[in-house]
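Colleague: I've got the model open on my screen and a few things I'd like to ask. Could you walk me through some helix packing and the empty spaces?

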Amino acid sequence: MSTVPGGEQTVHPASHPAAGKAAASTPPQSLSGGLILLLAVGTGVSVASLYYSQPMLGVLSGAIHAGEREVGLVPTLTQLGYALGLLLLAPLGDRFDRRNIILLKGAILALALLAAGLAPSLGFLLAASLAVGLTATMAQDLVPAAATLAPAAHRGRAVGIVMTGLLLGILLSRVVSGFVAEQFGWRAMYLAAAVGMASIGVALWRGLPRFAPTTSLSYGALMGSLFALWRRHPALRRAAVAQGLLALGFSAFWSTLAVMLHEAPFHLGSAAAGSFGLAGAAGALAAPLAGRVSDRSGPERVTRLAAGLAALSFLSMAFAPLLPGTHGKIMLIVASAIGFDFGIQAALVAHQTIVYGIDPGARSRLNALLFTSVFVGMSLGAALGSLALAQWGWMGVVGLTTLAAAGALLVRLTARRP
């Protein structure tokens, strides 16, 4: 690590014997508390951009005179943009200075949010939403940045803290956007988000060091190397499959919860279903804890304990019909949601710790593969959860989620020790 003109620091890669690749960037001796806090806040603010629109769809529908189906394309295109960004843009962090990529994405994200807030039509808003999704992937550039900057002995802790920012961004974004849209209108939320993103961009510009590229591959070769990395590293495949299965169960639960609560015996509205999202706070607590335990006892143990906790939490909901009254049933579902969310987020941090240690020169590509698997699991979970609910009712969803988490546990239990 050295200083370049202008006072900025650069993280240099070490030499690597293989052509077209570079080895791990040499981390600094310590990662300051201020810098890791900045990375965590930047991750949370950027990923929150994906979820601002969801609580505002009702307001949006009336404001821009669009039907539910048309306005539903806003979050759909945002998520689609994020998926494309994960696959097509996140790997660039290995090829170019990750600092420049983060700053460029942050600037475009702020402009995209501004465009959404000023959108004169639904078509304009949809285009802005796609751009928001593409550039919100800067969150997946900041997490590998933290892993690169942190000493190996404290990498799990650093990743856990930054992931806490990501999880709090997801959790708080819906609460904040719902309140702001109701009080000041949906445009105010997008405009405020643009200002917030621009402010974080300035802070990152001032505080983030430079990162030397870890590979000289062309873009085509870089994308082709994704397949080579997948084939070469069984630890990556296990992490991606296990976390993808956990994401499947997570998505199956949350995508069917509102429908289940709306029916007998609960007859609860969407507001009640939304309040269950506060269980996501458990995930924010799990992230730093899982990181510390991974550093101390190894991430393999964390993945097994976390997947086991998720499986037991999902299974416990099968006993809800045995409880008298709706109050007891709801309390059991809340407790189960806290348990599986804690387990799934702890497993994610541990899996990231494993993946980032496989090939330090390919962290951005490894991270892209891991989160692409998570996104696939989320998509399958939503589809299979709806199918299970339609065919077999809520117990079908419980069975699906339990099997998915048990499958993840089996993947971790059968992993060969290095």
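**Spaces and helix contacts**

Modeller: Happy to, and keep in mind that this is a predicted model. Let's start with the second largest cavity: its lining has four nonpolar residues, four polar ones and no charged ones.

Colleague: Which residues line that second largest cavity?

Modeller: The cavity holds about 40 Å³ of space. Its lining splits into four nonpolar and four polar residues. By name, they are Ser49, Leu50, Tyr52, Ser53, Thr78, Ser129, Val132 and Tyr190.

Colleague: And how many cavities of 30 Å³ or more turn up in the whole structure?

Modeller: The one we just went through takes up about 40 Å³, which puts it on the list. Searching the whole structure gives a count of two.

Colleague: Tyr190 is also in a helix contact, I think. How do α6 and α10 run relative to each other, roughly parallel or roughly antiparallel?

Modeller: Helix α10 covers residues 186-207, and its axis comes within 8 Å of the α6 axis. The two cross at roughly 160 degrees, and over 145 counts as roughly antiparallel. So α6 and α10 are roughly antiparallel.

Colleague: What is the handedness of that crossing, and what classes of residue make the contact?

Modeller: α6 passes α10 in a left-handed crossing. On the α6 side the contact includes Leu103, Leu109 and Leu113, and on the α10 side Tyr190, Leu191 and Met197 are among the residues. By class, the contact has 16 nonpolar, three polar and two charged residues.

Colleague: α6 packs on α8 too. How are those two oriented, roughly parallel or roughly antiparallel?

Modeller: α6 spans residues 98-117 and α8 spans 139-149, with the axes 10 Å apart. They pack at an angle of about 150 degrees. That makes α6 and α8 roughly antiparallel.

Colleague: Which residues of α8 does α6 meet?

Modeller: This crossing is left-handed. From α6, the residues involved are Arg98, Ile101, Ile102 and Lys105. The contact of α6 with α8 has five nonpolar, one polar and three charged residues. On the α8 side, they are Asp141, Leu142, Pro144, Ala145 and Thr148.

Colleague: Last one, on the second largest pocket. Which helix gives the largest share of its lining?

Modeller: That pocket has about 300 Å³ of space. Of the 16 lining residues, Trp230, Leu369, Thr372, Ser373 and Val376 are the closest to its centre. Elements giving two or more residues are α11 (219-232), α12 (234-262) and α17 (363-392). The lining has twelve nonpolar, four polar and no charged residues, and the largest share, six residues, comes from α17.

Terms used
Residues numbered from 1 in each chain as written. Predicted model: local features only at pLDDT ≥ 70, side-chain atom pairs only at ≥ 80, totals over all residues. Heavy atoms only, no water. Axes fitted to C-alpha atoms, helices over the stretch in contact; angles between N-to-C directions. Helix = DSSP H or I, 4+ residues; strand = E, 2+ residues; numbered from the N terminus. Parallel < 35°, antiparallel > 145°, perpendicular 65-115°, else oblique. Left-handed = near helix turned anticlockwise from the far one by under 90°. Contact = heavy atoms within 4.5 Å. Nonpolar A, V, L, I, M, F, W, Y, C, P; charged D, E, K, R; others polar. 1 Å grid on protein atoms, 1.4 Å probe; cavity = no way out; pocket = protein on both sides within 12 Å on 5 of 7 lines; lining within 4 Å. Points joined across faces, edges and corners; volume = space filled by probe spheres on them.
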